[in-house]
Amino acid sequence: MEKTIHLMVTEGPASGREIHVPPEGVRIGRSSRNDISIADDIMSRFQCRFFMKPGEGLWISDLGSVNGTFVGGVPVQEQRLNLHEEIVAGGTRFRVVNTGEVVLSAGEPVSGFAAEGVVTPSPHEPTLDLGLKKQRVVKEGNSTATMRRKLVWVAGAMILMVVAVWTPWGKLGGVL
């Protein structure tokens, strides 16, 4: 079975390489622990991930890379990719050659087709939302700083507990 080519590496150490993106996606970076490893000194160990969203086509997500991931010259965290769009990750440049969407002869993508032949609603068709789908909440701000703050609170609570356990009860002077 022949795999569909979704990306072409147009510049960098892997120039000329063709990349197939399965539905679960591919992780790209300098580390050999990625699905696709590229020996690019400017690229992070875990640079970005290309993946498919059902009915929406090809997407990219930056994995917290040092130098960032750029689509059309703009830094991105997560973004849908369009045909012929250019992605820069480190010193490597990719071009989208197939978004994974079924295209009509008129050139308009059909996002309502699923791989199994099940038709799902197009984003242009009205749908009834029953509120059963989990909503993803995106928080603004620096998640690293938030995590650090939580860790400081936990560490402080643990220190108080240790002090409370190790304090000799006789020296409290009958407080209890």
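Visitor: Which residues form the positive surface patch?
Guide: The model is predicted. A positive patch on its surface is made up of four arginines. They are Arg 27, Arg 30, Arg 33 and Arg 45.

Visitor: Is Arg 45 buried or exposed?
Guide: Arg 45 sits in the loop between β4 (36-37) and β5 (48-53). A residue counts as exposed over 50% relative accessible area. The value for Arg 45 is 52%, so Arg 45 counts as exposed.

Visitor: Which side chains of strand β11 point to the buried face?
Guide: Side chains alternate along β11, residues 92-96. Arg 93 and Arg 95 point to one face and are not buried. Those pointing to the other face, which are buried, are Thr 92, Phe 94 and Val 96.

Visitor: Which residue stands opposite Arg 93?
Guide: Strand β1 (residues 7-11) pairs with β11 in the antiparallel sense, over 4 bridges. Opposite Arg 93 of β11 stands Glu 11.

Visitor: What is the phi of Gly 90 in the turn between β10 and β11?
Guide: Strand β10 (residues 86-89) runs antiparallel to β11, joined by 4 bridges, and Ile 87 has Phe 94 as its bridge partner in β11. The two strands form a hairpin with 2 residues between them. Gly 90 lies in that turn, and its phi is positive, at about 70°.

Visitor: Which are the edge strands of the open sheet of 5 strands?
Guide: The order in this sheet is β4-β3-β5-β6-β9, with mixed pairing. Each edge strand pairs on one side only, and these strands are β4 and β9 (78-80).

Visitor: Which residue of β5 stands opposite Val 26?
Guide: Strand β3 (residues 26-29) and β5 run antiparallel and are joined by 3 bridges. Opposite Val 26, in β5, is Phe 50.

Notes
Residues are numbered from 1 along each chain as its sequence is written. This is a predicted model: local features need pLDDT of at least 70, side-chain atom pairs count only at pLDDT 80 or more; totals for chains, interfaces and linings use all residues. Side-chain values use heavy atoms; hydrogens and water are left out. Patches are made of residues with over 30% relative accessible area and no salt bridge: like charges are joined within 9 Å, nonpolar side chains (Val, Leu, Ile, Met, Phe, Trp, Tyr) within 5 Å. Accessible areas come from the Shrake-Rupley method with a 1.4 Å probe; for residues, only the protein chains shown count as cover. A salt bridge is a side-chain nitrogen of Lys or Arg within 4 Å of a carboxyl oxygen of Asp or Glu. Lys and Arg count as positive and Asp and Glu as negative; His and the chain ends are not counted. The place of a charge is taken as NZ of Lys, CZ of Arg, CG of Asp or CD of Glu. Buried means under 20% relative accessible area, exposed over 50%, partly exposed in between (1.4 Å probe, protein chains only). Two strands pair if DSSP finds at least two bridges between them.
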